[in-house]
Amino acid sequence: MPDPRTFVIVGASLAGAKAAEALREAGFEGRVVLIGEEAHRPYVRLPLSKGYLKGIETLEQIYVHTVDWYAEHDVELRLGTPVAVIHRNSHEVGLADGSRQHYDKLLLATGSTARRIPNTDHPGVFYLRRLGDFDQLRESLSGQARVIVVGGGWIGLEVAAAARHHGCEVVMVEPDAAPLSRRFGPGIGDMFVQLHRDHGVDVRIGLGLPEVRPGPVVVTSTGEEISGDAVVIGVGHRPATALAEAAGLEVDDGIRITTRMQTSDPDIYAAGTCVRADHPLYARPIRVEHWDTALVGGAAAALSMLGLGEPYDRVPYFFSTQYDLDLECWGWLEPGSFSDVVYRGDRGKREFIAFWLDAESRVLAAMNVNVCDVGDPLEAMVRSAQPIDPARLVDPEVPLADLVPRDGT
């Protein structure tokens, strides 16, 4: 007998596409409907601010699957039609075109939206989230443009590097003492300031949240006016929770889910950057905005929808590439959550590993900067949640593998 169930995925994103893939790989033979607001089939956002913006990666390279994959795997792909409402009582979603779609299980993979500064809706001002946003910006980088980047988070830093790749003049306006310093501390923040200055970026720090006027013109907190051809505003993202909130699901800076990706409705699951999830490594739920969360979380949610899921306990992970610097990071840091940062390697040459420690010398997070093939022990240190002698962490003569606690020691 064919499986009569219908599983609907809202969000034709990386998380949504990976969920559909995992359902079919797990042997689900029911109906799979993947609904997306954008006209593009699911793509990976990670390269958009890196190789795609530089022009060294093509559109075909960033799609999650080939154009034929969905038909070949009997996945109904409905694009360009947002879901407007969830009817929980009747187990239906209502689409913006007025149609309805029944579901037995529903997965929300709605992602996030860019945080906006008020009164910035001017020509030449960019908020980056969707493929079309990056396409428009890339056109602006094709000449010797002057680009102003507001915010030194990951998006801002990577866009600045891409703009310099195109030969643009770049000014970065960062409200804090250094990029990323609130989360990682001044050592890493200062490294990024120097990295970008070494590559010709005019980095201006501690200027407060600026005003943006038509032109476009950025007005800093000191009253200085900086004119540009393009202004890129990267001041963070908000989880896209409006659909969940309207449906009465529990929301707290993200759709609240259990370790099995289940929302407050037992037939509705959520995955990706829209969620705030319970995690066995952390005392309170966390919201991870990185690509890896969508890549792995979507598949994990699909298995849970089938009753096959295990508690989701993946160590948060991300990476970034800027100029000649490549980094990876494992773990999760709240601002002010660590007691110390220790380093192994040469910080002057930007070849080192940083360890963020709590008061008991447990590794909360670890970042390797231009150091290859160390991911497994770093991830294991974070997962172990066991104290490690800081003197041994910084000693290059001690193999990293020897620092991984074993058998509870």
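1. A crossing of two helices is called left-handed if the near helix is turned anticlockwise from the far one by less than a right angle, and right-handed if it is turned clockwise. In this predicted model, helix H1 passes helix H10 in a right-handed crossing. The two helices, H1 covering residues 14-25 and H10 covering residues 291-305, pack at an angle of about 35°, and their axes lie 7 Å apart. On the H1 side the contact is made by Leu14, Ala15, Lys18, Ala19, Ala22 and Leu23, and on the H10 side by Trp291, Ala294, Leu295, Gly298, Ala299 and Ala302. By character, the residues of this contact divide into ten nonpolar, one polar and one charged. As background to the spacing of such positions, an α-helix has 3.6 residues a turn, so residues three or four places apart point the same way.

2. The five-strand sheet is open, with the order S9-S16-S10-S11-S12 and parallel pairing. Strand S9 (125-127) and strand S12 (202-205) stand at its edges, and each has a single partner strand, so one side of each is left without a neighbour in the sheet. From one strand to the next the twist averages 20°. Within this sheet, strand S11 (residues 169-174) runs parallel to S12 and is joined to it by four bridges; a reader who wishes to check the register may start from Glu174, whose bridge partner in S12 is Ile205.

3. Two helices should be viewed together with that sheet. Helix H6 (residues 154-165) packs on the sheet, where it touches strand S10 (146-150), S11 and S16, and its direction makes about 165° with that of S11. Helix H5 (residues 131-140) lies across S9 and strand S16 (230-233), and runs at about 145° to S9.

4. The three-strand sheet is also described as open, with the order S13-S14-S15, but here the pairing is antiparallel. Its edge strands are S13 and strand S15 (225-227), each of which pairs on one side only, and the twist averages 25° from one strand to the next. S13 and S14 pair in the antiparallel sense over three bridges, and in S14 the bridge partner of Glu211 is Val219.

5. The loop that links S13 and S14 deserves a separate look at the backbone. Pro216 has its place in this loop, between strand S13 (211-213) and strand S14 (217-219), and the peptide bond that joins Gly215 and Pro216 is cis, with omega at about -5°.

6. A further antiparallel pair is formed by strand S21 (residues 317-322) and strand S22 (residues 325-331), over six bridges. The hairpin of S21 and S22 has two residues between the strands, and Tyr323 in this hairpin takes a positive phi near 55°. Phe318 has Cys329 as its bridge partner in S22, which leads to the question of the cysteines.

7. How many disulfides does a search of the whole structure find? The search finds zero disulfides. Cys329 is in no disulfide, and the nearest cysteine sulfur, that of Cys372, is 16 Å away; a disulfide is counted here when two cysteine sulfur atoms lie within 2.5 Å. Is Cys329 buried or exposed? At 1% relative accessibility Cys329 counts as buried, because the cut-off for buried is under 20% relative accessible area. Cys274 is likewise buried, with a relative accessible area of 0%.

8. In helix H11 (residues 375-384), the buried residues are Gly375, Pro377, Leu378, Met381, Val382 and Ser384. Which elements cover them? The cover includes S22, S24, S25 and helix H12 (390-393). Just after H11, Ala385 takes a positive phi of about 55°.

9. Two other residues with positive phi lie in loops, and their backbone may be inspected alongside the cases above. Asp253, in the loop between helix H9 (242-246) and strand S18 (255-257), has phi near 50°, a positive value in a residue other than glycine. At 36% relative accessibility, Asp253 counts as partly exposed, because this class lies between the limits of 20% and 50%. Ser361, which is not a glycine either, has a positive phi of about 65°, and is found in the loop between strand S24 (351-357) and strand S25 (363-369).

Definitions and conventions. Residues are numbered from 1 along each chain as its sequence is written. This is a predicted model: local features need pLDDT of at least 70, side-chain atom pairs count only at pLDDT 80 or more; totals for chains, interfaces and linings use all residues. Side-chain values use heavy atoms; hydrogens and water are left out. Buried means under 20% relative accessible area, exposed over 50%, partly exposed in between (1.4 Å probe, protein chains only). Two strands pair if DSSP finds at least two bridges between them. Axes are lines fitted to C-alpha atoms, for helices over the stretch in contact, and angles run from 0 to 180 degrees between N-to-C directions. Contact means heavy atoms within 4.5 Å. Ala, Val, Leu, Ile, Met, Phe, Trp, Tyr, Cys and Pro count as nonpolar, Asp, Glu, Lys and Arg as charged, and the others, Gly among them, as polar.
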